[in-house]
Amino acid sequence: MTTIHPAKITKVLPESIAAEIGFDAGDAIVTINGTRPRDLIDYQFLCADEVLELEVLDATGKTHHIEIEKDYDDDLGLEFETALFDGLIQCNNRCPFCFIDQQPPGKRSSLYFKDDDYRLSFLYGSYLTLTNLPEKEWQRIEQMRLSPLYVSVHATEPDVRIRLLKNNRAGQLLQQLKWFQERRLQIHAQVVVCPGINDGKHLEQTLRDLTSFHTGEIPAVASIAVVPVGLTRFRPQEDELTPVTQQKAQEVISQVKLLSQEFRQKFGSSVAWLADEWFLIAGEELPSEAEYEEYPQIDNGVGSIRLFVKQFTHAAQKLLPPKVSPHRKLTWVVGNAVEKAFQPILKQLNAVEGLEVNMRALYSDYWGQNISVTGLITGHDLLFHLKGQDLGEGILLPNVMLKHGELIFLDDMTVEEVAHQLNTEIFPVAGVEDLINTCINS
Ligand code: SF4
């Protein structure tokens, strides 16, 4: 039996109901209308009411009972320390390509924590495998209609999926998809391609099996992302994995493109998309913007380069002035995988009189990669490539290099530490408007 902890508040939004009542950061909600919320999903569900009776613990440990009358859909305006008040559901697989196992030893213990939690999948779109759910959690997914979920499929043939996840429970995927279909619930799928294990005919079988669930008004499989396996220099020696070569990337691109064409004719949608990384490894042009449809797998690196360039061009028309004064010189750090694709952006920034932006497209020495996507560049890599160089007024740092909501890189270095060692300022930028505004506002 897991313990449900009181939901600790970290932020009270100004002018919210909670601020009016006098909630403070550090308070914790114990019950809402007599029920202890397990997680943010319960919290949101229980708060969708007109009268709330809350049991609250303040920071000194004193209990308060508070009654709130509000409109049914009014939000209280609270943020919590965590989304899960009863702890994470842990992963019970042993995938050889697991990124957590491909990190160097000796870091903070939370970096080695493997979650496989349907609640994080529903709330934030993280991927889960469905191998660790007891019956009561399946019932909760059904009753609360927690859809869509994001599922790491990798392969639909039971023996291939069991081999990849190293878990005998991994062979039930097709029955589980049927379960979603019968309840009109949806998933987005991802397939991490490991050459020699789930590529070739296995990949074709997987995509055909998955698209057989892309039928009806609410297709159980809404979309599929095909992603290349990512390997680092810290992986175990004898892990049966082979890196994706340029030739393998070209082969997978042709195979999936052909299948997507067939799916488009059959379903009116490609259903399966290749992650941008395939095209970068293969040295091929990215697909056109229209091919990504509604960008259903954008957070999985499918179409994110095309979308970023498009959003930039759009925002630049509105926000980019002809001239800045005084003169500004900045360094924009990105992964070397996007060096070519981002040239149009660089050109537009440098067309502004008085603005000089130098792109530094880096590979990751930390992970031991020759081609790196921006999200994998670490604090170590910045120091490795940029120490002692003229960086102008500072570094424009895409915030995809940082852990969600924190100023910490994947290797646990802080932005402050790196800025100090490089003797420069670091400006984290979130998206195109932030990038433009940071460039033009001195
Ligand atoms: S399911 Fe995810 S977290 Fe678990 S071993 Fe596989 S890759 Fe790692």
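Hi everyone, let me start right in the middle: proline 96 touches Leu164, Lys166, Asp239, Glu240 and Leu241, leaving out residues up to four places away in sequence. By touching, or contact, I mean heavy atoms within 4.5 Å. Before going on, a word on what we are looking at. This is a predicted model, in which local features need pLDDT of at least 70 and side-chain atom pairs count only at pLDDT 80 or more, while totals for chains, interfaces and linings use all residues. Numbering runs from 1 along each chain as its sequence is written, and side-chain values use heavy atoms, with hydrogens and water left out.

Back to proline 96, then. Its place is the loop between E5 and H3; the helices (H or I, at least four residues) and strands (E, at least two) are DSSP runs, numbered from the N terminus. Proline 96 is buried, at 14% relative accessible area. For the cut-offs, buried is under 20% relative accessible area, exposed is over 50%, and partly exposed is in between, with a 1.4 Å probe and protein chains only. Arginine 163 is 67 residues away along the chain, and its C-alpha is separated from that of proline 96 by 9.4 Å.

Next, helix H2, residues 40-47. How many of its eight residues are buried? Six of them, so the helix is mostly covered. Those six are Leu40, Ile41, Asp42, Tyr43, Leu46 and Cys47. What do they pack against? Three strands are on the list, E2 (28-32), E3 (51-57) and E5 (78-80), along with helices H3 (118-124) and H4 (135-143). Have a look at the start of H2 too, where a side-chain oxygen of aspartate 39 comes to within 3.1 Å of the backbone nitrogen of isoleucine 41.

H4 brings us to tryptophan 138, which lies in that helix. Tryptophan 138 is buried, with 10% relative accessible area. Setting aside neighbours within four places in sequence, tryptophan 138 is in contact with Leu130, Leu133, Gln176, Trp179 and Phe180. As for Trp179, the two tryptophans are 41 residues apart in sequence and 9.6 Å apart C-alpha to C-alpha.

Phe180 is a good one to follow into the core. A nonpolar core here is a set of buried Ala, Val, Leu, Ile, Met, Phe, Trp, Tyr and Cys residues joined through side-chain atoms within 4.5 Å. The largest one has 95 residues, and those touching the most other members are Phe180, Leu207, Ile224, Trp278, Trp332 and Phe342. Phenylalanine 180 itself touches Leu130, Trp138, Leu149, Leu185, Gln186, Ile187 and Ala220, again not counting residues up to four places away in sequence. There is also a second, separate core of 22 residues, and Leu40 is among its members, as are Phe80, Ala83 and Leu84.

Glutamine 369 sits in the loop between strand E12 (353-362) and helix H12 (379-386). Is glutamine 369 buried or exposed? It is buried, at 12% relative accessible area. Its side chain makes a polar contact of 3.1 Å with the side chain of serine 372. A polar contact is a pair of N or O atoms within 3.5 Å; within protein, one must be able to donate a hydrogen and the other to accept it, and residues adjacent in sequence count only if both atoms are side-chain atoms. Outside four places in sequence, glutamine 369 is in contact with Leu231, Tyr363, Ser364 and Leu376.

Now some backbone geometry. Most residues other than glycine have a negative phi, and most peptide bonds are trans. In this model, the bond from serine 147 to proline 148 is cis, with omega near 0°, and proline 148 lies in the loop between H4 and strand E7 (149-152). Another cis peptide bond joins serine 325 and proline 326, with omega about 0°; proline 326 is in strand E11, residues 323-335.

On the phi side, asparagine 33 has a positive value near 45°. Asparagine 33 is in the loop between E2 and H2 and is partly exposed, at 34% relative accessibility. Arginine 184 also has a positive phi, near 55°. Arginine 184 belongs to the loop between helix H6 (173-182) and strand E8 (187-193), and is partly exposed at 46% relative accessible area. That's my tour, thanks for listening!
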